[in-house]
Amino acid sequence: MNILVTGAAGFIGTNFVNYWRERYPADSITVLDALTYAGNRSNLEAMLEHNGFTFVRGSICDYDLVMEVMQKHCVDTLVHFAAESHVDRSIDGPDAFIETNVVGTHTLLKAAKKLWLDNGGGNGAGDGSANKAGSARRGGHHFHHVSTDEVFGTLAGDDPAFCELTPYAPNSPYAASKAASDHLVRAYHHTYGLNVTTSNCSNNYGPYQFPEKLIPLCLVNILQGKPLPIYGDGKQIRDWLYVDDHSRGIDLILKRGRVGETYNIGGNSEYTNIDAVRLLCQLLDEEFSENGSLRERFPDGPCAALDPASSLINYVTDRPGHDTRYAIDAAKITSELGYTPAERFPGGLKKTVRWYLENESWWQCILDGSYRE
């Protein structure tokens, strides 16, 4: 494959590129990333040493650049991660979310249609029916769009989990912008015959996550002795998906997914936010108890004195429109493609804690802003 990965200097994109390079070293990977605040070029430094890897700095909203990159690198597979994704930021400033998530996705779709269909590169079947029985790559191209479970809205505690047929009901500007992009991807398949797939994932966690999201924010705050801000009562429920399991799910979709289909990728690990943070506190307590060097490296947190990290928990005013529960029903991708998450939340969280402890320089550069230099 000649793959274009958008947004690969961010959290999930970085992990996907590392996953793909390890498993498919013969494939060509081109990365397009605007390096906005959450994009970190240093995430990909090791990749630059590999033949067949190219980094391009630029916006997915730049049609001419997208066309140039896709033509130059003979792209036949596009994996689209690039997105504004932080709900709080979307509440304060929704314009950037509309621009990147809606206009940017449409720009990529236009370029893909031009190169793969209008220039004779695809099958052009009006509704993609020629490919319905097999994988999306039967037509020689594949546009995979990465979305979120937040497009489905919120669930009550006893509601069934989101499935692929759950009606969309986005409750934040972020979720609404992702829902709009999902619909555009679907429309380009049904109207023009573009070979597309979409995946809707649950809450990701793991290495390289920008420390504004719940787990890395609380982890770093514990190390620095800062409060752990918990919205409302902390009883909001999320399905936690280890980022490598997400990459494996996308891998299966790229190899065997049916054109025009949507697949939910979940972690089968529902936890309330407060229980997730308490587990994080427990794991850090254990790490500091077993490793005296951590107490020397991070003297400002309670763990350095072997006091419980949970003492930092601080309940704050809930954010507007905060969804109560997300849960993914992954039965479709499991039955059709054989997906099952390898990591349960406690084990994946322990891996995540150890990665952040071993990669202090990575997150310190973010905190002091030097990663932007």
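Which residue in β5 does Leu78 stand opposite? In this predicted model, the residue opposite Leu78 is Phe143. That pairing is a convenient way into the strands around β4.

Strand β4 covers residues 77–80. On one side, β4 pairs with strand β1, residues 2–6, in the parallel sense and over 4 bridges. Within that pairing, Leu4 has Leu78 of β4 as its bridge partner. Strand β5, residues 142–148, also pairs with β4; here too the sense is parallel and there are 4 bridges. Leu78 therefore appears in both pairings, with Leu4 as a bridge partner and with Phe143 opposite in β5.The side chains of β4 point two ways: Thr77 and Val79 in one direction, Leu78 and His80 in the other. Residues pointing either way are buried.

The loop between α2 (63–72) and β4 contains Cys74. The phi of Cys74 is positive, near 50°, and the residue is not a glycine. Cys74 is exposed, its relative accessible area being 52%. Tyr208 is another non-glycine residue with a positive phi, in this case about 70°. Tyr208 belongs to the loop that runs between β7 (203–205) and α6.

From that loop the description passes to the helices. Helix α12 spans residues 360–368, and its buried residues include Trp362, Trp363 and Ile366. These three lie on the same side of α12 because the arc they cover around the axis is only 80°. Ser361 and Asp368, on the other side of α12, are exposed. What do the buried residues of α12 pack against? Their partners are α6, residues 214–224, and α11, residues 345–358.

The contact with α6 can be followed in more detail. The axes of α6 and α12 come within 12 Å and cross at roughly 90°. Because of that crossing angle, α6 counts as roughly perpendicular to α12. The residues of this contact comprise 4 nonpolar and 2 polar ones, with no charged residue. From α6 come Val220, Leu223 and Gln224, which meet Trp363, Gln364 and Leu367 of α12. Trp363 is thus listed both among the buried residues of α12 and in the contact with α6.

After α12 comes Gly369. The phi of Gly369 is positive, near 85°.

Terms used
Residues numbered from 1 in each chain as written. Heavy atoms only, no water. Buried < 20%, exposed > 50% of the residue type's maximum accessible area, 1.4 Å probe, protein only. Helix = DSSP H or I, 4+ residues; strand = E, 2+ residues; numbered from the N terminus. Arc of directions from axis to C-beta. Contact = heavy atoms within 4.5 Å. Pairing = 2+ DSSP bridges. Axes fitted to C-alpha atoms, helices over the stretch in contact; angles between N-to-C directions. Parallel < 35°, antiparallel > 145°, perpendicular 65-115°, else oblique. Nonpolar A, V, L, I, M, F, W, Y, C, P; charged D, E, K, R; others polar.
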